[in-house]
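Please open the model in your viewer and keep the selection panel at hand. The tour goes from one helix pair to the next, with a stop at side chains on the way.

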Amino acid sequence: SVKWEFSNDAPIYAQLILQIKVGIVSGTFSPGERLPSVRELAAEAGVNPNTMQRALAALEESGLVSAQRNTGRYVTQDEACIRETHRSLAQAEIDAFCARMRQLGYTQEEIATLFGGNENE
């Protein structure tokens, strides 16, 4: 199951979206798997069901989750959608890291060398 953790630097629903996305790309939730109900997920995460509903609605819009009438919500079986989400989550982490390094005074070239990306080595 997802290890729900929240910080004060983003709205809870945005953090829920991110954590469920991570659950999907990491395999915690498998392609085609039926997700727990809104109420179950909200209770598990310790959040208001309306907030969880909002997060799941956003995940439906992204195509990662689909709602089947009367049977609940399911993780997409579209592997390309999951791969693209995986890539975009990784890119967001890289972007955030690079922004923090620039705050520390690193240049883009110096940041690249931290990743071993210097061809001169």
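Begin by selecting helix α1, residues 12–25, together with helix α3, residues 49–62; in this predicted model the two pack with their axes 9 Å apart and at an angle of about 55 degrees. That angle makes α1 oblique to α3, and the crossing of the two helices is right-handed.

Now show the side chains where these helices touch. On α1, select Ile12, Tyr13, Leu16, Ile17, Ile20 and Lys21, which meet Thr51, Met52, Arg54, Ala55, Leu56, Ala58 and Leu59 on α3. Coloured by residue class, the contact of α1 with α3 divides into 10 nonpolar residues, 1 polar and 2 charged.

Stay with this contact and centre the view on Tyr13 and Arg54, where the charged end of Arg54 sits over the ring of Tyr13, at 3.6 Å from the centre of that ring. How many aromatic pairs does the structure hold? A search for them would return 0.

Keep α3 selected and add helix α2, residues 38–45, whose axis lies 9 Å from that of α3, with the two helices packing at an angle of about 115 degrees. Is α2 roughly parallel or roughly perpendicular to α3? The angle makes α2 roughly perpendicular to α3, and α2 passes α3 in a right-handed crossing.

To see the residues involved, select Val38, Arg39, Leu41, Ala42 and Ala45 in α2, and opposite them Pro49, Met52, Gln53 and Leu56 in α3, which they meet. The residues of this contact of α2 with α3 divide into 7 nonpolar, 1 polar and 1 charged. Met52 and Leu56 deserve a second look, since α3 uses them to meet α1 and also to meet α2.

For the last stop, hide α2 and α3, bring back α1 and add helix α4, residues 79–103; the axes of α1 and α4 come within 10 Å and cross at roughly 120 degrees. This makes α1 oblique to α4, and α1 passes α4 in a left-handed crossing.

The residues to display here are Leu18, Lys21, Val22, Ile24 and Val25 of α1, with Ile82, Thr85, His86 and Leu89 of α4, which together make the contact. By class, the residues of the contact of α1 with α4 divide into 6 nonpolar, 2 polar and 1 charged. Leave Lys21 highlighted at the end, as this residue of α1 takes part in the contact with α3 and in the contact with α4.

Definitions and conventions
Residues are numbered from 1 along each chain as its sequence is written. This is a predicted model: local features need pLDDT of at least 70, side-chain atom pairs count only at pLDDT 80 or more; totals for chains, interfaces and linings use all residues. Side-chain values use heavy atoms; hydrogens and water are left out. Axes are lines fitted to C-alpha atoms, for helices over the stretch in contact, and angles run from 0 to 180 degrees between N-to-C directions. Helices (H or I, at least four residues) and strands (E, at least two) are DSSP runs, numbered from the N terminus. Angles under 35 degrees count as roughly parallel, over 145 as roughly antiparallel, 65 to 115 as roughly perpendicular and the rest as oblique. A crossing is left-handed if the near helix is turned anticlockwise from the far one by less than a right angle, and right-handed if clockwise. Contact means heavy atoms within 4.5 Å. Ala, Val, Leu, Ile, Met, Phe, Trp, Tyr, Cys and Pro count as nonpolar, Asp, Glu, Lys and Arg as charged, and the others, Gly among them, as polar. Rings of Phe, Tyr and Trp (its six-membered ring) pair if their centres lie within 6.5 Å; planes under 30 degrees apart count as stacked, over 60 as edge-to-face and the rest as tilted. A charge sits over a ring if NZ of Lys or CZ of Arg is within 6 Å of the ring centre and within 35 degrees of the ring normal.
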